[in-house]
Amino acid sequence: MSLFDHTVADLQELLQKKELTVSDLVDESFKRIHEVDDKVQAFLTLDEERARETAKKFDEKLGTDASKGLLFGMPIGVKDNIVTKDLRTTCASRILENFDPIYNATVVEHLHNAETITIGKLNMDEFAMGSSTENSYYRKTRNPWNLDTVPGGSSGGSAASVAAGEVLFSLGSDTGGSIRQPASFCGVVGLKPTYGRVSRFGLVAFASSLDQIGPISRTVEDNARLLNVLCGLDPMDSTSANIEVPDFTAGLTGDIKGLKIAVPKEYLGEGVGEEARQSVLDALKVLEGLGAVWEEVSLPHSKYALAAYYLLSSSEASANLARFDGVRYGYRSPNSESLMDLYKNTRAEGFGDEVKRRIMLGTFALSSGYYDAYYKKAQKVRTLIKKDFEDVFEKYDVIVGPTTPTPAFKIGEKISDPLTMYANDILTIPVNLAGVPGISVPCGFVGGLPLGLQIIGKHFDESTVYRVAHAYEQATDYHKQKPAL
């Protein structure tokens, strides 16, 4: 039995009793990585020497009155688009293959203050653009439940590392479902917080109005503990919300009597696989048995979410990625005779196909003569989608539906068909456009592959989202099942 089969609370109790050391936890993590990561390929960079040194320092605190952080001694993995001082951060792109940051992202500072131990950096789709982690320049991460299938994306490495038992939990980023979709595919818990709840300072931007950092874990309680650490107003991030941060574990009582659940008919309609649809209906029966009530509702503008999202996110990406030009940092093409050649060759050689595709789409949508027809119209649609959510939340506490239309697909199955790949995020994208929180929790299996239940809440009401997710998790045992690697 792995130490990581225990919850954070269990491990902290064992540390307190000195039945376990922090070095034991770090050893467990690296041992597991060396056993299985040649198959899973979740990690891009390991920070083994520094992690072991930190563990020894923390061991000296055991059994003393020295103050200890909220997540003292817990091993964690960090997605490779979150900057870490003196630890390579590549965004899984050639253009940043030698980038060693000189500062930490705010969330990484929060992790240090909580006294976690960073094990390494996790693989992802290049610049977080993708739904399968097949767009990484370095390697293809595989789903621990079936190594022939994708782990989801773009936070595929983050979800796979937790599912494979390599780390206790991880950080991902979610622009259109990039935490929840891989969490669903890998049978773990993944939360996208409300936009503004967690600082984006130090997150390499894909689409600045959509990106959010969030936690991935084995259990809802561990997820809530990690979010407790990540939140807080950050003067370095102008979009960071000045709002009280509650203890997200306080409401994990299992009591959801009288809770009102909305189930959008669009989330169970055309394009959603029968297995995913049935898993949600079965989950609703469980929630009903716990005292909740549910009704079918409509989010009428959600059918436009996919088109609006790819116009908006690509437009923001084309602006954000303009900084990678071979002049200031990162990869520089050696085959240039002029400044214009340098720009063109560096970007042509440094970016992968999917990144180039989105830059071109975004540049077109922002160009003179097309701005009003595409970008501006997409922003108007985004407002309508946000209004749909607000209308539903006037009467209901949460919205429930599937996280993804299907379980994980095979590696190579959709990579050559971008439109089919994009459609895989159809159930998660509206949450990002509206800026509300959403979580994915395991809710079943089909053909040995996990399915995820998505629970969506009101702005800054992660507490209710966690309460419902925890009650469902405690009434089922899907989260206890592990892949047989």
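D325 is buried, at a relative accessible area of 10%, where buried denotes under 20% relative accessible area, exposed over 50%, and partly exposed the range in between (1.4 Å probe, protein chains only). The model is predicted, and local features therein require pLDDT of at least 70, side-chain atom pairs being counted only at pLDDT 80 or more, while totals for chains, interfaces and linings use all residues. Residues are numbered from 1 along each chain as its sequence is written, and side-chain values rest on heavy atoms, with hydrogens and water left out.

The side chain of D325 meets that of R328 in a salt bridge, at 2.8 Å from N to O; a salt bridge is defined here as a side-chain nitrogen of Lys or Arg within 4 Å of a carboxyl oxygen of Asp or Glu. Whereas D325 is buried, its partner R328 is exposed, with a relative accessible area of 55%. In total, 19 salt bridges are found in the structure.

Two further salt bridges were examined within helices, these being DSSP runs of H or I with at least four residues, numbered from the N terminus. In helix α2, which spans residues 22-40, E35 and R32 are three residues apart, about one turn of the helix. Their side chains form a salt bridge with an N to O distance of 3.8 Å. E35 is partly exposed, at 42% relative accessible area, and R32 is likewise partly exposed, at 22%.

Helix α11, covering residues 353-366, contains both R357 and E354, again three residues apart and about one turn of the helix. The closest N and O atoms of the salt bridge between R357 and E354 lie 2.2 Å apart. R357 counts as partly exposed, at 36% relative accessibility, whereas E354 is buried, with a relative accessible area of 9%. Elsewhere, D5, R218 and K482 are joined into one network by salt bridges that share partners.

Cysteine pairing was also considered. A disulfide is a covalent bond between the sulfur atoms of two cysteines. With the criterion of a pair of cysteine sulfur atoms within 2.5 Å, a search of the whole structure yields zero disulfides. C186 accordingly takes part in none, the nearest cysteine sulfur, that of C443, being 14 Å away. C186 is buried, at a relative accessible area of 1%. C231 is buried as well, with a relative accessible area of 8%.

Terms used:
Helix = DSSP H or I, 4+ residues; strand = E, 2+ residues; numbered from the N terminus.
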